Amino acid sequence: MTLLLAGDIGGTKTILQLVETSDSQALHTIYQESYHSADFPDLVPIVQQFLLKANTPIPEKACFAIAGPIVKNTAKLTNLVWFLDTERLQEELGIPHISLINDFEAIGYGILGLQQQDLHTLQVGNSQPEAPIAIIGAGTGLGQGFLIKQGKEYKVFPTEGGHADFAPRNEIEFQLLKYLLGKHDIQRLSVERVVSGMGIVAIYQFLRDRKFATESPDIAQVVRTWEQEAGQEEKSVDPGAVIGTAALEKRDRLCEQTLQLFIDAYGAEAGNLALKLLPYGGLYIAGGIAPKILPLIQNSAFLLNFTQKGRMRRLLEEIPVYIILNSQVGLIGAALCAARL
């Protein structure tokens, strides 16, 4: 048995997991803890505290999924003063082999370790085992990536596709584009500004300001508080979650319209990614938003917008589409990546 350390390192939360693996490559979790990242000056003391509490030997290998870019085996977290370097981590922690990977890359590897109960099938399609696999995930931002089979294993390739141009397809989306360009005083709009957590709030503000429906006082208070806290690192409210919950409960027309527009744009962008890759190995929808609004996605025009690509519709109808339900897919990916070191 080989002892592995997997980590999901974010600006807010750090999750560490000890995993055992055998020759069969099966993973078995033996210990896990979560920490508030800002309480520590660096990753090293978190890992040291974790290993002391776990009371196990030093792991042979470790992989940490980082919320930020990896440059020459180093990473600087967006919302922390941490600067991580694999050589320093190996020396200070005594772990012989350590790798840093982008958090969305970790999700890509994590797909390979998911079970059937970790997924919800939106479209069965016609799976082709040797074909590419695509990933798209709306959360804080919009991640996109893909997997290509190389020999017996898959290689994950993260992309910056979320920063491609938002492409409006109808009158209301053209109005949304114009509204956001003016609001932010910018020359172009990335799809991430619409298909993400911040996109949900942006769509709500657009529909509110254009008087598409009456605003409820309780929702209005949350959104106003969030607007007043603009520029602050720590927010006291999460309007995206509040809007989503109100839409799920069908108690606020403006929130329902917001999620409808958001889901339409999400489906369309997923279809754009699918056109570029033809991922007959499956298109996986990751991120924290989709599982939380699953009933809305199931009963919406997500798949219609996904497949509505003119003459290419039949191709997209053959692509399996899944929503990832397991929130620890990134940890699973980090463990699988550690096992490969």
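Leu-27 is in contact with Leu-4, Val-19, Glu-20, Thr-21, Ile-332, Ala-335 and Leu-336, leaving aside its neighbours within four places in sequence. The model described here is a predicted one. Leu-27 belongs to strand β3, which covers residues 27-36. The points below take up two leucines, the strand pairings, the aromatic pairs, the salt bridges and a surface patch.

**Two leucines and their surroundings**

- Leu-27 has a relative accessible area of 34% and is therefore partly exposed, since the partly exposed class lies between 20% and 50%.
- Between the C-alpha atoms of Leu-27 and Ala-246 there are 39 Å, and the two residues are 219 residues apart along the chain.
- Leu-43 is located in helix α1, residues 43-54.
- The relative accessibility of Leu-43 is 0%, so this residue counts as buried.
- Apart from neighbours within four places in sequence, the contacts of Leu-43 are Ile-9, Thr-14, Phe-64, Trp-82 and Leu-84.
- One of these contacts, Phe-64, is 21 residues from Leu-43 in sequence and 10.0 Å from Leu-43 in space, C-alpha to C-alpha.

**Strand pairings**

- Strands of a sheet pair through backbone hydrogen bonds, in a parallel or an antiparallel sense.
- An open sheet is formed by three strands in the order β5-β6-β7, with antiparallel pairing.
- Its edge strands are β5 (70-71) and β7 (83-85), each of which pairs on one side only.
- Two bridges hold the antiparallel pairing of β5 with strand β6, residues 74-76.
- Ile-70 has Ala-75 of β6 opposite.
- Strands β10 (residues 133-138) and β11 (residues 142-150) run antiparallel and are joined by six bridges.
- Three residues make the hairpin connection from β10 to β11, and Gly-137 stands opposite Gly-143 in β11.
- Strand β11 also runs antiparallel to strand β12 (residues 153-159), with seven bridges between them.
- Gln-144 has Thr-159 in β12 as its bridge partner.
- The hairpin of β11 and β12 has two residues between the strands, and Gly-151 in that hairpin takes a positive phi near 70°.

**Aromatic pairs**

- There are eight aromatic pairs in the structure.
- One of them is the edge-to-face pair of Tyr-35 and Phe-40, with 5.9 Å centre to centre and 90° between the planes.
- Tyr-35 counts as buried because its relative accessibility is 9%, and Phe-40 is buried with a relative accessible area of 17%.
- Phe-206 and Phe-212 form a tilted pair, at 5.7 Å centre to centre and with 45° between the planes.
- Phe-206 is buried at a relative accessible area of 0%, whereas Phe-212 is partly exposed at 33%.
- Tyr-179, Phe-206 and Phe-212 are linked into a cluster by ring pairs.

**Salt bridges**

- Side chains of opposite charge can pair when their charged atoms come close.
- The whole structure contains 13 salt bridges.
- One of them joins the side chains of Glu-153 and Arg-340, at 4.0 Å from N to O.
- Glu-153 lies in strand β12 and Arg-340 in helix α13 (residues 329-340), so this pair ties together parts that are 187 residues apart in sequence.
- Glu-153 is partly exposed at 46% relative accessibility, and Arg-340 is partly exposed at 34%.
- Another salt bridge is formed by the side chains of Glu-215 and Arg-224, at 3.3 Å from N to O.
- Arg-224 counts as partly exposed, with 34% relative accessibility.
- Arg-313 and Glu-317 also form a salt bridge, and their closest N and O atoms are 3.1 Å apart.
- These two residues are four residues apart in helix α12 (residues 313-317), so about one helical turn separates Arg-313 from Glu-317.
- Arg-313 counts as partly exposed at 34% relative accessibility, as does Glu-317 at 35%.
- Asp-42, Arg-88 and Glu-92 are joined into one network by salt bridges that share partners.

**A nonpolar surface patch**

- Leu-275, Leu-278, Met-312 and Leu-315 make up a nonpolar patch on the surface, and together they have about 270 Å² of accessible area.
- Leu-275 of this patch is in helix α8, residues 253-277.
- With a relative accessibility of 32%, Leu-275 counts as partly exposed.

How values were computed. Residues are numbered from 1 along each chain as its sequence is written. This is a predicted model: local features need pLDDT of at least 70, side-chain atom pairs count only at pLDDT 80 or more; totals for chains, interfaces and linings use all residues. Side-chain values use heavy atoms; hydrogens and water are left out. Patches are made of residues with over 30% relative accessible area and no salt bridge: like charges are joined within 9 Å, nonpolar side chains (Val, Leu, Ile, Met, Phe, Trp, Tyr) within 5 Å. Accessible areas come from the Shrake-Rupley method with a 1.4 Å probe; for residues, only the protein chains shown count as cover. Buried means under 20% relative accessible area, exposed over 50%, partly exposed in between (1.4 Å probe, protein chains only). Two strands pair if DSSP finds at least two bridges between them. Contact means heavy atoms within 4.5 Å. Rings of Phe, Tyr and Trp (its six-membered ring) pair if their centres lie within 6.5 Å; planes under 30 degrees apart count as stacked, over 60 as edge-to-face and the rest as tilted.
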